[in-house]
Amino acid sequence: MRRLNLIAALLLAAAASACAPNPIIARDPVPAPGPADVYACDSKPLPLNTFMTDCRPVPASPQVVLRARG
């Protein structure tokens, strides 16, 4: 009886692995913002330990490069 259960378990595992040969990879449908994107966000608390967040894009200030001669 034990050998029959072992054979049945091995067959079941082989059948399950044959159905999904590729792993399932979760991907975020919204890509992360790039390093040049700037957002201003405001959050306010709501009841039951929740928050309402409002984020909006703002224009980025140009990068300033200081050069000194020495």
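N49 is exposed, with a relative accessible area of 71%, and this residue sits in the loop that runs between β1 and β2. The model described here is predicted, and its chain contains 1 helix and 2 strands, which follow one another along the sequence in the pattern α-β-β. The two strands pair in the antiparallel sense, and they also carry the two partners of a disulfide, C41 in β1 and C55 in β2, as well as the two partners of a salt bridge, D42 in β1 and R56 in β2.

**Confidence and overall exposure**

- The mean pLDDT of the chain is 79, with 80% of the residues reaching 70 or more.
- Confidence is not even along the chain, being lowest in helix α1 (residues 2-19), where the mean is 71, and highest in β1, where the mean is 91.
- Of the 70 residues in the chain, buried residues make up 0%.
- The surface that the chain exposes comes to about 7,400 Å², and carbon and sulfur atoms supply 64% of that area.

**The strand pair and its loop**

- Strands β1 and β2 are joined in the antiparallel sense over 8 bridges.
- Within this pairing, S43 has T53 in β2 as its bridge partner, while K44 has M52 in β2 as its bridge partner.
- The hairpin formed by β1 and β2 has 3 residues between the strands, and L48 takes a positive phi near 65° there.
- L48 is a residue other than glycine, and its phi is nevertheless positive; the residue lies in the loop between β1 and β2 and, at 81% relative accessibility, counts as exposed.
- N49, which lies in that loop between β1 and β2, likewise has a positive phi, near 60°, in a residue other than glycine.
- The exposed class begins over 50% relative accessible area, so N49, at 71%, is exposed.

**The disulfide**

- The structure holds 1 disulfide, and a disulfide is, in general, a covalent bond between the sulfur atoms of two cysteines.
- This disulfide joins C41 to C55, with a distance of 2.0 Å from S to S.
- The pair links distant parts of the chain, since C41 belongs to strand β1 (residues 39-46) and C55 to strand β2 (residues 50-57), and the two cysteines are 14 residues apart.
- The torsion about the S-S bond of C41 and C55 is about 115°, and the disulfide is therefore right-handed.
- Both ends of the bond are reachable to some extent by the probe: C41 is partly exposed, with a relative accessible area of 42%, and C55 is partly exposed, with a relative accessible area of 40%.

**The salt bridge**

- Side chains of opposite charge can pair when their charged atoms come close.
- The count for this structure comes to 1 salt bridge, in which the side chains of D42 and R56 meet at 3.5 Å, from N to O.
- Because D42 lies in strand β1 and R56 in strand β2, the pair ties together parts that are 14 residues apart in sequence.
- D42 counts as partly exposed, at 46% relative accessibility, and R56 also counts as partly exposed, at 38% relative accessibility.

Key: Residues numbered from 1 in each chain as written. Heavy atoms only, no water. Disulfide = S-S within 2.5 Å. Helix = DSSP H or I, 4+ residues; strand = E, 2+ residues; numbered from the N terminus. Buried < 20%, exposed > 50% of the residue type's maximum accessible area, 1.4 Å probe, protein only. Areas by Shrake-Rupley, 256 points an atom, 1.4 Å probe, with all protein chains shown as cover. Pairing = 2+ DSSP bridges. Salt bridge = Lys/Arg side-chain N within 4 Å of Asp/Glu carboxyl O. pLDDT = per-residue confidence, 0-100.
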